[in-house]
Amino acid sequence: MLPIHNLLIPCLTALILSLILIPVFRSAAIRIGLIDKPNHRKVHKHPVPLVGGITIAISTLITLMLSGTFPSFIQKYLIMLITAAVMLMVGIIDDRFEIKTSYRLFIQVSCAYAIASSGVLITSLYGIFGIHSIPVPFQYALTIVVIVGVVNAFNLMDGIDGLLGFISIIGFLTLLILSFIAGNYELCILFSAIIGATIGFLRFNLSKRRIFLGDAGSIFIGFILGVSGIQILKIVPFQGKLDPASAFLIIVAIFIIPVFDSLRVYLGRMKVGQSPFTADKSHLHHLFLLTGLNHRKTAITISIATLFAALLTCLLQVFIPLTISIILLIAPFIFLTKVLFINKDMIEWKSKISDLEDADY
Amino acid sequence: MTNRKIRIALIGTVGLPAKYGGFETLADHLVRNLGDKYDMTVYCSKKRYSKQERSGKYLNAKLKYLPFNANGIQSIPYDSISIMHAACSCDALLILGVAGAWILPFIRLFTTKRIIISIDGIEWKRDKWNLLAKWYLWWAEKIAVRYSHIDISDNESIQDYTAYRYGSLSRVIEYGTDHILKVSPTFEDKKKYPFVKHPYAFKVCRIEPENNVHMILEAFEVLYQHSLVIIGNWENSTYGRNLRDRFNSRKNIILLDPIYDQCTLDMIRGSAIVYVHGHSAGGTNPSLVEAMYHGLPVITYGVSYNRTTTEHKALYFRNKKDIIDIIRNVEVKTLKEMGKAMKEIAGRRYTWNIVAEKYDHLIQKCMNEKKKPGIQPSLARLNEQLLISYDAGHLKYQNGFFEKRKIN
């Protein structure tokens with residue numbers, strides 16, 4: 001087993017790097033116009049620099065380069081690095097100049113295809129609905145859909161300060177533990193570095209000198225999380241310490257809230273005849289805000305829910321078959337969403353009724 | 001061979017004999033007026049009636065007792081168990097309040113019993129409930145309207161709301177008021193309540209912010225030459241206690257604790273020269289219609305429900321300034337005429353005979369009704385081109401009766 005304290009070093013390195021780099025990038029961003037201007041839909045009121053993604057990426061990269069495992073890292077995960085860099089770059093351009101949705105989607109699919117071609121594929125469904133291994137074309141299709149789906153889900157989740165930061169830390173921590181059990185040194189360092197960089201980011205995101213992740217950041221994080229999740233599944237059989245199906249379940253658990261929320265949002269928009277990419281105010285954090293919770297409490301509530309899902313699956317996977325576990329995870333989410341929608345309806349009707357009540361005849 | 005009488009269950013009230021509030025008075029009069037025609041069972045709360053009081057019978061009606069409170073969170077099991085029991089032993093269920101609404105889909109699915117439910121104002125909007133309670137009431141109201149054969153509102157403005165939200169027609173049945181007494185103050189009364197010797201404005205209500213008690217008190221603080229008497233449960237809340245501390249010392253403002261004796265209450269109410277009503281929440285308010293039956297002119301908060309109750313013939317206020325303007329400028333002649341108008345309305349609409357007759361009619365109707373009427377004619381479901389070809393295109397998109405045209 002690897003010594004645990006070795007993992008703290010990349011974390012701290014990345015943390016210190018991001019704390020140094022952020023102020024630098026922040027002022028640069030303001031000068032070149034890489035800022036997020038508020039509109040009626042967004043929850044912030046003043047323009048904020050969009051440098052979170054860049055700093056996390058660069059801090060992580062530098063930490064990796066300093067770590068000594070960089071050569072072997074490049075050997076194994078070159079494609080992941082390159083595609084992540086591409087995604088980051090596209091994200092930065094999108095933040096500054098607004099790329100058309102179809103171009104963004106195309107690039108995301110291409111990067112996902114590159115990853116799939118390099119051998120990082122979802123090869124089996126581990127027993128959901130009784131399906132185990134799947135034919136190769138389906139593997140490609142499923143992998144691409146999952147990666148693109150996760151990337152966009154995380155992009156949508158980035159609506160409140162700290163929300164994506166907390167969730168990605170929880171996600172990477174889970175992956176860190178899994179790769180630790182699997183004995184994969186390189187990935188451990190990667191995740192540890194990202195966690196450190198994200199903590200540095202959060203220190204600014206939640207403070208007065210705010211910065212945002214931007215599309216660059218949310219896409220980058222979503223991409224690395226998604227691809228890493230699939231990577232880890234490939235490290236079979238976890239040196240015999242962990243059942244692959246259980247690992248699958250735990251990884252799925254991290255993504256459930258962002259992915260299902262984004263699916264629900266897409267379906268909701270299509271139901272009223274709009275394109276799934278229209279902007280509106282129906283995400284999970286919007287719904288929570290309507291119950292009267294402030295931004296901080298909403299971010300914490302949703303993060304705790306993700307943490308709870310991850311922990312719950314760790315317990316469940318010992319006792320209950322995979323299909324049922326997944327249903328048990330999804331059911332509370334659906335119930336919660338229903339209740340939040342009842343709340344939203346109620347508030348809209350309250351104002352409609354006020355109009356009825358106060359009408360002067 | 002005589003037909004068996006239809007068996008009606010009355011669910012959701014505290015119980016009979018009536019000693020609580022509006023619903024209970026309603027139950028009392030229904031039993032009085034319809035107890036011969038129908039075989040009635042009323043479900044009561046064991047917690048409100050001591051062992052001696054539980055006689056099991058009231059006039060012609062049977063009484064059944066449940067070990068729950070009829071109000072608050074216990075109203076959910078209280079109503080639900082009553083409904084389940086009634087579904088086995090009665091033909092039609094008359095339910096007051098939506099606490100037990102969750103069980104109605106099952107009753108519709110598994111039995112052929114008829115359900116009439118009174119939705120009691122727009123409960124989920126009221127600030128007295130916490131967020132969880134509001135969610136439940138919001139959802140329960142929807143289930144109640146969808147799964148009942150007939151739903152009843154106590155005000156036409158609430159009928160507007162249900163038409164708007166659910167697209168179905170609520171029936172409107174208000175309250176009766178002719179149980180109140182016309183009482184002149186005796187010598188004893190004048191000694192105990194010296195203010196009855198002079199003109200005063202009157203109000204009786206629960207002391208809650210949504211009844212705008214503070215607004216009225218602040219107005220009369222300015223109108224120091226006019227007397228105001230308010231009867232209410234001041235000690236029950238911080239809001240009430242604060243108001244009492246703040247305004248009790250004013251010479252023209254008299255704040256009394258609740259008076260349960262109907263005779264005394266009617267004496268004080270009847271001797272006033274004007275009734276001030278501040279309710280802003282939904283429905284026809286019993287205290288308002290009772291004041292109307294007294295023949296009192298009414299100055300009321302200008303929300304749609306109060307306007308509908310008084311048929312737009314009273315004086316309406318929105319804020320403290322309005323109250324002050326009205327009281328300063330109104331003439332005695334106007335007040336007298338308004339009083340007569342109010343009495344006329346109450347006599348025409350708010351008597352127990354009429355209310356009981358309406359319920360009777362509804363019970364007969366629900367025994368046969370297949371589907372709840374919508375608010376659009378079924379013609380509107382026809383294809384638009386077809387309607388146009390018959391020069392009837394305007395029937396496709398009609399305004400609902402609840403859509404008021406703004407007159408600018």
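This report describes a predicted model, with attention to the sheets of chain B, its interface with chain A, and some local features.

## The eight-strand sheet

Chain B contains an open sheet of 8 strands with mixed pairing. The strands follow the order β3-β4-β2-β1-β5-β6-β7-β8. At the edges are β3 (57-58) and β8 (171-172) of chain B, each of which pairs on one side only.

At the β8 edge, strand β7 (residues 150-153) of chain B runs parallel to β8(B), and 2 bridges join them. Within this pair, Ile152(B) stands opposite Arg171(B) of β8(B). Pairing between strands of a sheet is made by backbone hydrogen bonds, in either a parallel or an antiparallel arrangement.

## A parallel pair and its crossover

Strand β10 (residues 228-231) and strand β11 (residues 253-256), both of chain B, run parallel and are joined by 4 bridges. The connection from β10(B) to β11(B) passes through helix α8 (residues 238-247) of chain B, and this β-α-β crossover is right-handed. In the strand pair, Leu228(B) has Ile253(B) of β11(B) opposite.

## Interface with chain A

On the chain B side 22 residues are in contact with 16 residues of chain A. About 1900 Å² of area is buried between the two chains, and carbon and sulfur atoms give 70% of this. Of the area that chain B buries against chain A, 31% comes from Trp135(B), Trp138(B) and Tyr164(B), more than from any other three residues.

The interface of chain B and chain A holds 2 salt bridges and 5 residue pairs in polar contact, with both residues at pLDDT 80 or more. One salt bridge is formed by Arg318(B) with Asp358(A), where the closest N and O atoms are 3.1 Å apart. Three elements of chain B, α4 (131-147), α5 (156-166) and α11 (304-309), give two or more residues to the side that touches chain A. Of these, α4(B) gives the most, with 5 residues. Sorted by class, the chain B side that touches chain A has 11 nonpolar, 4 polar and 7 charged residues.

## The loop before α4

Asn130(B) lies in the loop between β6 (114-118) and α4 of chain B. A polar atom of the Asn130(B) side chain is 2.8 Å from the backbone nitrogen of Ala133(B). Asn130(B) and His277(B) are 147 residues apart along the chain, and their C-alpha atoms are separated by 26 Å.

## Backbone conformation in two loops

The peptide bond that joins Leu16(B) and Pro17(B) is cis, with omega about -5 degrees. Pro17(B) belongs to the loop between β1 (7-11) and α1 (22-34) of chain B.

A second loop, between β3 and β4 (61-66) of chain B, contains Leu59(B). Phi of Leu59(B) is near 50 degrees, which is a positive value in a residue other than glycine.

## Salt bridges

Over all chains, a search of the whole structure finds 32 salt bridges. One example within chain B is the pair of Asp91(B) and Arg4(B), whose side chains meet at 3.2 Å, N to O. This pair links distant parts of the chain, 87 residues apart. Asp91(B) is in the loop between α2 (75-89) and β5 (92-96) of chain B, while Arg4(B) is in the segment before β1 of chain B. Side chains of opposite charge can pair when their charged atoms come close.

Key:
Residues numbered from 1 in each chain as written. Chains lettered and ligands numbered in written order. Heavy atoms only, no water. Pairing = 2+ DSSP bridges. Right-handed = clockwise from strand over helix to strand, strands pointing away. Contact = heavy atoms within 4.5 Å. Buried area = accessible area lost by both parts, 1.4 Å probe. Salt bridge = Lys/Arg side-chain N within 4 Å of Asp/Glu carboxyl O. Polar contact = N/O pair within 3.5 Å; in protein donor to acceptor, adjacent residues only side chain to side chain. Nonpolar A, V, L, I, M, F, W, Y, C, P; charged D, E, K, R; others polar.
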